[in-house]
Each structure stands twice: as structure tokens, then as C-alpha cells.
Amino acid sequence: GKPARRETDTMDTFMDSSWYFLQYCSPQSTTHAFEPAATRHWMPVDQYIGGIVHAILHLLYARFFQKVLFDLKLVTQDEPFAALFTQGVVTKGGQMMSKSKGNTVAADEMVARYGCDVPRAYTMFIAPPDKEVEWSDKGIEGIARWLKRIDRLVRTEAEILTQHPYSPGDCIATTKEGKRHRQLAHRAVQKVTHDAAEHFHFNTAISSLMEFTNGLELFLKELGAPDNEMEPEPAPRAFALKRLIVLVAPFAPHLSEEWWSLAGEKPSVFEAAWPASDPGAATEAIVQIPIQVNGKHRATLALTRGTGEEAVKAAALADATVAAAVAGKPVRKWIIIPDKLVNLVV
């Protein structure tokens, strides 16, 4: 008979977190915990991603709840998640990071020094996401330098970028320089799409983007060299660099948004269509084939990919260094791995 306040928050947090995804299907509903028609449309969740501890607890309880709701005929799927990807644990000093152990990394300090994108990209770069990894404060500097290099490229090429609008399709390249840019871009799109978008291999995707950046810097350096004889072709250069911005965006979203604006594009880079890749365009037309005599390297030949064996043999014997190593001795055996290696046994 005395004044009192009713306590309604009596459920363990696992009680709510075991079915919240059903309510997300109809978040505006005020009459139902979840609308059955909405869950029929949206469920199951396409992809579940979580750390090992989270997956053991939340994943297990969520499945229990879903199966009970299925038995009660309140939902039409007996499994809530279609696919599972379990993240590895990040350790420091050989132990899993924990506040109680005092071995956590202060995100605020990294953000204050590098901005948000550097620690974000570094976390995805240090190891395959499903493996345990030891944190290193030194490695983050490499990611910072890489993103700064992209920033210099975008600002250096800003005038060309603003003159050539982005398109997810292909571009025409007629000069040697233009074809190299086009090939480099297609190769990067193919690799990042395969590794990151399809298989969650973010670390190898970022490695590919670093190689892409290296290639663009090298081409720009060659074009600026006093003895350069290549004919500049701005459109493929803009084509390649804008693809780099789009591909980097999932890993460094804030910087990519800035670069997208500097490149004369709008609205957001995240409104841009993901670029298409032509496997044929991503493949090098010319391959470098090492030539060995009795297992010892003698020369490297630049040949068109797919050159037939007889033509490869003729080209190898026509090389002065190889001819000197053979020195009139009979060739007893040819070992040819197409587009990769030639070994003459004399």
C-alpha cells in the first residue's frame, strides 16, 4: 500500500538480443514484436559475422529462439542465419585484449593521430580476418604512408580527374601508356572483387590496392621523366585512378569521400556503381619468361602470352647469351612451362 515504481526491465540482455533481428524487419511496427509478413520477406539474415565468443553465445541463443518461434508457427524459417563467418581474435602481448588485463589499444589515441581510416584499414590488413593476430603499433605507419601516397596522386592528377567522369564500364585506350593504365585497373578490380567482396580476404585485397597504387605512381614518374617517349593519354589515367578511389572506399571511407569530391564526382562515392572487370583486359599481353640452360638462368625473354613451343624455342636459341651457353652442344631436352619458364638441357 505504499508508493512504488514498477520495474519492467527484468530480462537478461541475451533475451532481447536473441530475436532483435526479427524486429529489424519491421522497425516501425508498434503493435507487434515483429510483423510475420516482414520476416517472411527479409529472413533469414544473409550473413552473420562475429567474434568467436559472440558466436558461441549469441549465435547459439538466437538459433534456440528461432527454432521455438518456428515450432510455434510465428516464423517460417527454422534457422535465422544463412551463412556464418567467425572473426579471429586480436591479441597483444600474447593475450586476448581485455580491459581487466589492461592490454587494450586506445582507439581514441589512434584516431587523434591518424584519423579514422588508418586504424580501420590497418585492422583489416594485418591478417586474414578469420585468423588470430598479434597487434603491432609499428605496422599502422605503413598504412598511413600508403593512404598519403593516394592523396598525393589524387591531388596531382585533380585537373585530369575532373575532366573525365566516372563510369563503371570500360574505357578506350590507344597508346602504350593508356593500355597499361587500363590493364592495371582491370586487374585491381578483379582481385579486390574476388578477395574482399566474395571471400572476405580483406588483407590480400588491400595488398592488391597497394600494388595498384605503386603502378600508378610508377607510370606517373615515367611520364614525367626527361627521356620519356610515351604519348600521354589522360582518359585511361583518370579511369584507373577513379577506380582506385572506389576500390579503397570500403577500407578508407572518409578519405575516399574527400578524393571523390576532388576528382569532380558527386554525390557520395558510395552512390557509385562498383566497377566491372574484364578478365581479358586484366591479363598481361606480354610475359617475361626466364630462360635456363642446365638449370642456370641465362636470359629473360619478353614474349606474347600463349606463344607456341616452336616459336619459344627459336626465340631462346636466338638470344646471344643462351646461344653462348649452349655453344654448339646438342640440346638433349626442352622443359617448357607455357608463359612461365624454359629450361634447355644440353
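**Overall fold, helix α10 and local backbone features**

Of the contacts formed in the chain between residues at least 6 apart in sequence, 64% join residues at least 24 apart. The model is a predicted one. Its secondary structure comprises 15 helices and 9 strands.

The overall dimensions of the chain were computed from the C-alpha atoms. Along the principal axes, these atoms fill a box of roughly 110 × 50 × 45 Å. The radius of gyration of the chain is 28 Å, whereas a compact globule of 346 residues would have a value near 20 Å. Buried residues account for 37% of the 346 residues. The exposed surface of the chain amounts to about 20,300 Å², of which carbon and sulfur atoms supply 56%. With respect to charge, the chain carries 38 positive and 41 negative side chains, and 5 Å separates the centres of the two sets.

Helix α10 was examined in greater detail. This helix covers residues 202-223. Because each residue should contribute 1.5 Å, its 22 residues are expected to span 32 Å, and the end C-alpha atoms are indeed 32 Å apart, in agreement with the expectation. The buried residues of α10 include Asn203, Ala205 and Ile206, and further along the helix Ser208, Leu209, Met210, Phe212 and Thr213 are also buried. Gly215, Leu216, Phe219 and Leu223 are likewise buried. In an α-helix there are 3.6 residues a turn, so residues three or four places apart point the same way. Among the elements that cover the buried residues of α10 are α6 (117-125) and α7 (139-156), together with α9 (176-198) and α11 (234-248).

Two cis peptide bonds preceding proline were noted in loops. The bond from Met43 to Pro44 is cis, with omega near 0 degrees; Pro44 is situated in the loop that runs between α3 (36-42) and β1 (48-51). Lys266 and Pro267 are also joined by a cis peptide bond, for which omega is about 5 degrees. Pro267 occupies the loop between α12 (253-262) and α13 (279-282).

Positive phi values were found at residues other than glycine. Lys73 has phi near 65 degrees and lies in the loop between α4 (52-71) and β2 (84-87). Since residues with over 50% relative accessible area are classed as exposed, Lys73, at 73% relative accessibility, counts as exposed. For Ala327, phi is near 45 degrees, and the residue falls in the loop between α15 (320-326) and β8 (333-337). Ala327 is exposed as well, its relative accessible area being 53%.

Technical notes
Residues numbered from 1 in each chain as written. Predicted model: local features only at pLDDT ≥ 70, side-chain atom pairs only at ≥ 80, totals over all residues. Heavy atoms only, no water. Helix = DSSP H or I, 4+ residues; strand = E, 2+ residues; numbered from the N terminus. Rg over C-alpha atoms; globule rule 2.2 N^0.38 Å. Buried < 20%, exposed > 50% of the residue type's maximum accessible area, 1.4 Å probe, protein only. Contact = heavy atoms within 4.5 Å. Areas by Shrake-Rupley, 256 points an atom, 1.4 Å probe, with all protein chains shown as cover. Lys, Arg positive; Asp, Glu negative; His and termini not counted. Charge placed at Lys NZ, Arg CZ, Asp CG, Glu CD. Expected span 1.5 Å × (residues − 1).
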